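Grab a pencil and work through a few exercises on charge pairs and overall build. Each one comes with a worked solution.

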Amino acid sequence: MKSILFDLDGTLVNSSPGIKAAFNYAFEKLQLPSQTDKQLSTFIGPPLEVTFGNYFDQTDDINHAIKTFRDYYGTKGIHQVSLYEGISDVLEELNHLNYSLFVTTSKHQPMARQMLTDLGIISYFEKVYGSTPQHFHKADVIKACLTEQKIEAHEAVIVGDTKFDMIGGKKTGVRRLGVTWGFGSLESLKEHGAESICYQPEDLKKALSSL
C-alpha cells in the first residue's frame, strides 16, 4: 500500500455547517421545498449533479442550481468548516512513513484546494482531485487520480466516511477504509464494501498497515 486517497467532507473536515447553509440558500433562491436538517445531511457526499438532478430534468437547470449553490458556498460556506481533531497529526505521521497522499472528493476542485489551503494542510498532499465537468462521480475522480499519477489500483486505498467512497473504491479496484466520525453510518460503510473501519483518526495508521 503506497498511495492513500482521502475523501474531504466528513473525513478530513467537518464541513456540514457551510454545506447545509449553501443548500438552504440554493433551495430558497430556486423556490424548491425547504429541507429538514436530516434531509440536508443526505446531500453531503453525492455530487451536486446527482442531488440537483433529483429536482430538475434539464442540464441547464441543473447547472444553474449548482451555480446558485456555489455562489453562496464559494464566498461564505467554504469558511464554515473545521478540521477533525487529530487529522493534522495523522497526516504528518503518514507523510513521514512515505505514503503518497492525495485528496479525491466530489467537492468542486478549486473549492477543495482553497479549503485545504485555508486550513493549512494542503502541503501534506501531492495533489487534490475534485469535481470537474469531466469527472464528478467518486469513481471517476479516483480513476483520474490513478491514471494521472500512474498508480496501480491494488497499491491504493480510499479513506472515506460514506457509501459513495466505498462504491467508488469498488468500481476502481482500490482498497476501502471507512471512517465513522463523518456523515455516513457504520452499517452503510460495511454494506457497501469497507474492508476496515476506523472510529477515530488515530486508528488510521494501524488500519492501513493491516490492508
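Here are three exercises, each followed by its solution.

This is a predicted model, so to speak of local features pLDDT has to be at least 70, side-chain atom pairs count only at pLDDT 80 or more, and totals for chains, interfaces and linings use all residues. Residues are numbered from 1 along each chain as its sequence is written, and side-chain values use heavy atoms, with hydrogens and water left out.

**Exercise 1.** Work out how many salt bridges a search of the whole structure finds.

Solution. Start with the criterion: a side-chain nitrogen of Lys or Arg within 4 Å of a carboxyl oxygen of Asp or Glu. Run it over the whole structure and you get 10 salt bridges.

**Exercise 2.** Find where Lys107 and Asp9 sit in the chain, and decide whether Lys107 is buried or exposed.

Solution. First, the contact: their side chains meet in a salt bridge at 3.2 Å, N to O. Next, the places: Lys107 is in strand β4 (residues 100-108) and Asp9 in the loop between β1 and β2 (13-14), 98 residues apart. Strands here are DSSP runs of E, at least two residues, and helices are runs of H or I, at least four. Last, the cover: Lys107 is buried at 8% relative accessible area, and Asp9 is buried too, at 12%. (Buried is under 20%, exposed over 50%, partly exposed in between, with a 1.4 Å probe and protein chains only.)

**Exercise 3.** Which residues are linked with Lys138 in a network of salt bridges?

Solution. Begin with Asp165, whose side chain meets that of Lys138 at 2.4 Å, N to O. Lys138 lies in helix α7 and Asp165 in helix α8 (residues 163-172), so the pair ties together parts 27 residues apart in sequence. Both are buried. Then add Asp7, which completes the network with Lys138 and Asp165.
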